[in-house]
Amino acid sequence: MDPEITSARQAGHDPRVLAFGRLQGAANRLEYLLGRALERECGITHLMYEVLLIVGRAGSDGLTMRSIAQEQVLTTGGATRLVDRMTALGLVTRTASPRDGRVQLVRLTSHGEETTVRASRLHVENIEQFFFRPLPPEHRERFAEDLRVLSHFARDALPRLR
């Protein structure tokens, strides 16, 4: 704990608290703008889009439910419910692993592949407009790298799912 903070007013003006609040506020607003566009144009939530991306990266091997949960900071039950909704939409399939029948592997369907490509084209346009364009061009690459470092540090600090 920081002994320098002795009042709520002081806490509210602390540059570290303000910086994190701005990051959180920007993330929330961007999530709203970009997530609504995905829902409106592609019929999927932003979380579904993120799962399509990580499953797509896994290729034909597929991805376990535990891996999806860990990557998206979900419980395994939450990941299962999400994948069930995605299966109902025809975006992914779930099949038993040939190595361990208790493990379910998630793979993209052809509709899931097409949706990922269509959603990615829209998402990249919106990322350019709302995420990169407001920043000076000479800061964009460093900013993206700093976010990667923060994301990996936070991911590694989380407890692993069992």
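Let me begin with the contacts: of those in this protein with a separation of 6 or more, residues 24 or more positions apart account for 50%. I should say straight away that what we have here is a predicted model, and everything I go through this morning is to be taken in that light.

As for the overall architecture, the protein has seven helices and three strands, and if you follow the sequence from its start, these elements come in the pattern α-α-α-β-α-α-β-β-α-α. The C-alpha trace, taken along its principal axes, spans about 55 × 35 × 25 Å. Of the 162 residues, 27% count as buried, and the accessible surface of the protein comes to about 11,100 Å², with carbon and sulfur atoms contributing 57% of that area.

On the charges, there are 23 positive and 20 negative ones in the protein, and the mean positions of these two sets are 5 Å apart.

Now to the aromatic side chains, where I would like to spend the rest of my time. A search of the whole structure finds two aromatic pairs. In one of them, the rings of Phe-131 and Phe-132 have their centres 4.9 Å apart and their planes at 80°, and because planes over 60 degrees apart count as edge-to-face, that is how this pair is classed. Phe-132 is buried, with a relative accessible area of 18%, which falls under the 20% cut-off, whereas Phe-131 has a relative accessible area of 25% and is therefore partly exposed.

Which residue does Phe-131 pair with at a ring-centre distance of 5.6 Å? That residue is Phe-143, and with the two planes at 45° the pair is tilted. Phe-131 lies in helix α6, which covers residues 110-132, and Phe-143 lies in helix α7, which covers residues 137-157, so this pair ties together parts that are 12 residues apart in sequence. Phe-143 is itself partly exposed, its relative accessible area being 30%.

Putting the pairs together, Phe-131, Phe-132 and Phe-143 form one aromatic cluster. Phe-131 takes part in the edge-to-face pair with Phe-132 and also in the tilted pair with Phe-143, and when you look at the model on the screen, I would suggest following the cluster from helix α6 across to helix α7, where Phe-143 sits.

Conventions. Residues numbered from 1 in each chain as written. Predicted model: local features only at pLDDT ≥ 70, side-chain atom pairs only at ≥ 80, totals over all residues. Heavy atoms only, no water. Helix = DSSP H or I, 4+ residues; strand = E, 2+ residues; numbered from the N terminus. Buried < 20%, exposed > 50% of the residue type's maximum accessible area, 1.4 Å probe, protein only. Contact = heavy atoms within 4.5 Å. Areas by Shrake-Rupley, 256 points an atom, 1.4 Å probe, with all protein chains shown as cover. Lys, Arg positive; Asp, Glu negative; His and termini not counted. Charge placed at Lys NZ, Arg CZ, Asp CG, Glu CD. Phe/Tyr/Trp six-rings, centres within 6.5 Å; stacked < 30°, edge-to-face > 60°.
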